[in-house]
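Got your viewer ready? Here is a short tour, stop by stop, with something to select at each one.

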Amino acid sequence: MIKDIITPNKSLFAAGVHTELRAQINKSRGVTIISGNLTGNTSSEVSGISARVYKNGVYGFSSMAECSEDAAKAVLKAATDNAVFMDSRVNKGTKMFPAVNGGYIDRYTCTNTPEQKRYIEFAKEVDNYIAIKYPDLKGRRVAVRADSMEKLLATSDGKDGYTSIPRSYVYVIMTGETNDGTPIELFKPFGGFGTFDNVFTTPDKLYPEIDEMYQKIRAKQEGIYPEAGVKTCILSGDLAGMLAHEAVGHTVEADLVLGGSVAAHNLGKEVASPIVSMVDFAHTFNGESVPLPVYVDDEGVEAIDAPLITNGILTGYMNNRETAERFGMAPTGNARAYSFSDEPLIRMRNTAILPGTSKLEDMIASIDDGYYFVDTNNGQADTTGEFMFGICMGYEIKNGKLGRALLDTTISGVAFEMLKTVDMLSDTMTWASSGFCGKKQPMPVGLGGPAVKCKVTIGGR
Amino acid sequence: MNTEKLYNITENVLSQLRDGGAEIAYCTARMSETVEFNVDGGEFSLLRTLFDNGLSMTAIKGGKKGSVGSNSFEEASVRATVESCLAAADSSEADEHWGIADDQGEKCFENGALTPDMNGLFDRTKELLQTIGEKYPLIVIEQMIISHTKSHSVYRNSNGTVFNSKGGNYSVSLMFSGHEGEVSSSFFSSGVVTDNLDKPFIELGSIAQDLADTEKQIKTIACEGKYTGTMLLSPGCLCEFIDSIAENFASDTTLLDGTSIWKDKLGEQVADPRITISFCPKSPLVCLGENYTGEGFISEDFDFIRDGKLESFFASYYISRKTGVPRAKNNSGNMIIKAGEKSVADIIKGIDRGILVGRFSGGAPGINGDFSGVAKNSFLIENGEIIGAASETMISGNLAAMLNSLVDISSETVADGISVLPYAAFDGITISGK
């Protein structure tokens with residue numbers, strides 16, 4: 001746990017400015033096994049303290065790789081000096097954003113990790129299982145990754161808090177070969193919120209899904225390339241989550257709105273079918289914790305849900321305190337920093353399309369000629385909402401039934417056009433949280449959604 | 001002062017790792033300072049000053065390897081990090097192929113601008129903003145990050161090598177898009193690394209060209225149908241494609257698991273004879289180079305592909321010993337591609353139907369080299385002329401096949417402080433509209 005060298009220094013906060021002081025520890029563990037060879041065996045712990053000061057529309061920030069009273073004083077002074085320098089050179093003269101409710105939020109979850117040996121043995125056991133049971137695979141990789149962020153925060157005019165987000169994953173990659181000798185790959189993450197021992201008990205719990213993964217790669221060996229063009233398709237919950245995050249979520253981050261994203265001209269307008277709603281959840285969905293719960297952000301704002309699309313209408317942005325004031329919206333706790341040396345940026349937390357009422361089998365049955373896209377290995381989107389997802393597993397749909405597996409392809413579209421074609425949403429919800437969102441700094445995020453029936457452009461081969 | 005501190009820390013760490021039973025060990029202690037100006041939505045928003053440390057160490061005990069990183073130089077913390085490193089090694093599996101370079105002696109390196117000119121940096125940033133406002137009125141700056149980082153590190157290993165490195169550089173990075181009313185282009189990014197503030201930033205790298213191109217990408221035209229044509233890659237996009245080729249066909253991972261389709265092709269022709277791709281951290285055109293590798297070798301320039309022949313993989317020393325292929329002589333990413341003889345304009349004149357690609361938004365290429373994705377920030381070419389910016393256009397092909405269907409490489413190159421790259425055109429690419 002972080003020793004509290006923060007609170008005693010609140011008395012040093014300057015008057016008339018907004019100040020944040022944050023101590024933070026980031027831990028990570030990594031083990032990589034490539035075709036039986038242990039090639040990666042690493043861990044790291046990075047800690048320090050930072051201060052940020054807001055004055056007349058500009059920020060000053062400073063950080064030091066040291067959690068001490070002296071470091072707290074030093075970064076407070078440097079951040080204040082930086083804010084003064086910027087104010088004197090820029091002369092924005094913007095008024096202070098409003099204060100938010102004070103108080104203290106204690107949502108610390110233990111981040112203590114087991115010994116490195118535990119990660120290695122777990123990974124080796126998973127690797128051995130695959131090696132023995134599926135010797136016909138051309139290659140296999142097993143990786144374990146566990147990381148955590150632990151933050152102690154004090155602010156001049158908001159919530160203080162002590163929070164942490166630990167998460168742990170096992171990644172499996174299988175390589176096979178099509179009948180004509182073309183190499184094919186499949187990738188699957190297992191895991192979620194919590195330290196490694198909270199998330200994983202014994203490796204055999206993963207084996208049923210590993211077996212399914214092998215069956216998929218077998219199916220893919222006989223796979224076909226999908227036809228290029230626009231077709232009615234079903235996107236799995238994993239793809240819907242990626243759509244929510246990449247193609248819509250980024251465009252409604254208020255800093256990107258100010259940078260000219262497509263959402264700048266669409267607030268209050270219809271951007272999706274009326275059955276589509278989308279929310280950036282803070283910590284809870286349907287009475288249960290979301291994958292990576294956030295209770296207070298790094299500006300001292302208590303985290304609440306941010307509704308983004310409501311029944312097809314674009315109803316909100318994700319903000320920090322400064323942009324919330326600018327857009328006349330309430331801040332919802334989206335200002336997050338990755339490392340002690342990072343300033344808070346507007347980031348997503350757990351962004352999801354809300355489930356509907358349809359059954360997946362009915363959705364499949366409603367399509368005569370289309371595709372069911374199941375797994376993705378990559379996704380990118382533009383501030384215009386144009387998106388591209390790499391598809392590494394899917395099936396054709398013919399006459400309402402699933403057919404042959406698909407070889408790798410790409411799908412694309414423009415989010416606010418494609419979402420208008422949605423006419424069915426499944427009643428199930430799939431969450432994912434194993435990746436990092438990249439936007440100046442990395443950030444662990446959750447994303448989710450139901451299966452979505454819609455029209456998308458398929459790249460074919 | 002820093003030198004003595006860094007020498008002492010690395011000496012203590014190495015001594016403790018050896019006392020703990022490591023036959024082979026190496027560590028790096030690093031101190032850095034960063035000054036950074038941020039511009040958001042076209043306005044100055046933030047000044048950051050960062051004071052950071054880094055301590056990384058690796059122990060190999062009985063052939064078992066463990067690596068640990070931290071950023072604390074506090075004595076008790078360093079001791080705990082050493083213990084973690086030894087424990088990680090103990091937990092690992094023995095592999096006789098781990099190793100480090102023979103003793104390279106004690107060497108000092110000094111690169112770039114060690115002292116930042118904060119006022120000069122602010123003024124150049126302000127000047128860039130003003131220039132963009134005046135010359136590129138349709139551009140909206142989403143974010144601009146201008147910084148100077150100086151670092152001092154000491155690397156020490158158990159064979160006796162000590163490398164003392166000091167370096168400093170300015171970095172310019174901007175993300176922007178073009179806007180006219182409610183119509184906008186795709187976003188684009190541009191940037192450079194430099195060791196001086198002598199020239200206005202707008203004159204560096206491809207910043208001016210990128211801004212001008214983006215203004216022309218606000219209004220787009222649709223690509224009609226699906227055809228096989230020519231793909232002319234911009235320098236930045238060419239770099240991404242070559243990176244994918246290196247990752248898929250020549251990296252540690254694909255050499256070790258045997259999935260590289262080039263694993264038996266060293267010394268053989270894998271590309272058009274006009275293609276030479278080198279990695280040159282020692283080039284005078286590179287500001288952010290590499291002095292040594294993590295395994296303790298002094299970095300040297302090398303050719304990846306020379307006159308179309310595969311000359312080197314990107315194999316680490318471990319993979320080299322494990323698989324028998326020669327190790328790569330640096331790990332820098334300082335890519336230099338030999339320029340051609342035709343101008344970009346003349347290359348375009350020779351293209352019947354194709355696309356000039358500024359950015360590729362695609363899935364990770366398959367390990368066989370198949371790629372497919374959206375051509376972003378791109379222009380359609382017909383009958384030797386650019387006919388307009390492309391909307392929703394997909395391109396697909398195969399990385400290995402592409403290298404053998406070169407049309408031309410441009411005489412113009414872009415140097416951004418990290419790499420020196422031309423434009424290059426390839427045939428046989430599937431190009432399709434919506």
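Start in chain A and select K359(A): this lysine is partly exposed, with a relative accessible area of 40%. Keep in mind as you go that this is a predicted model. Now add D427(A), which is also partly exposed, at 33% relative accessibility. K359(A) and D427(A) form a salt bridge, with their closest N and O atoms 2.5 Å apart. Show the cartoon around the pair: K359(A) sits in the loop between strand 16 (350-353) and helix 8 (360-365) of chain A, while D427(A) sits in the loop between strand 21 (424-425) and strand 22 (430-432) of chain A, so the bridge ties together parts that are 68 residues apart in sequence.

Next stop, the chain crossing. Select R48(B) and E343(A), whose side chains meet in a salt bridge at 3.0 Å, N to O. This pair goes from strand 2 (residues 43-61) of chain B to the loop between strand 14 (335-336) and strand 15 (345-346) of chain A. Are these two residues buried or exposed? R48(B) is buried, because its relative accessible area is 6%, under the 20% cut-off. E343(A) is buried as well, at 2%.

Don't clear that selection yet; add D342(A), K440(A) and E36(B). Together with E343(A) and R48(B), they are linked in a network of salt bridges.

For another salt bridge, hop to D303(B) and R306(B), where the closest N and O atoms are 2.8 Å apart. D303(B) is partly exposed at 22% relative accessibility, and R306(B) is partly exposed at 38%. If you feel like hunting for others, the structure holds 50 salt bridges over all chains.

Now for some strands. Select strand 22 of chain B, residues 420-432: eleven of its 13 residues are buried, so the rest of the structure largely encloses this strand. Which strands pair with it? Bring up strand 10 (residues 226-233) of chain B, which pairs antiparallel with strand 22 over seven bridges. Here Y227(B) stands opposite I431(B). Strand 20 (residues 393-398) of chain B is also an antiparallel partner, over three bridges, and there I395(B) stands opposite I431(B).

Strand 21 (residues 406-415) of chain B runs antiparallel to strand 22 too, joined to it by six bridges. Look for T413(B), whose bridge partner in strand 22 is P422(B).

Finish at the turn of that hairpin, which has four residues between strands 21 and 22 of chain B. Click on G417(B) there and check its backbone: it takes a positive phi near 90 degrees.

Conventions. Residues are numbered from 1 along each chain as its sequence is written. Chains are lettered from A and ligands numbered from 1 in the order in which they are written. This is a predicted model: local features need pLDDT of at least 70, side-chain atom pairs count only at pLDDT 80 or more; totals for chains, interfaces and linings use all residues. Side-chain values use heavy atoms; hydrogens and water are left out. A salt bridge is a side-chain nitrogen of Lys or Arg within 4 Å of a carboxyl oxygen of Asp or Glu. Helices (H or I, at least four residues) and strands (E, at least two) are DSSP runs, numbered from the N terminus. Buried means under 20% relative accessible area, exposed over 50%, partly exposed in between (1.4 Å probe, protein chains only). Two strands pair if DSSP finds at least two bridges between them.
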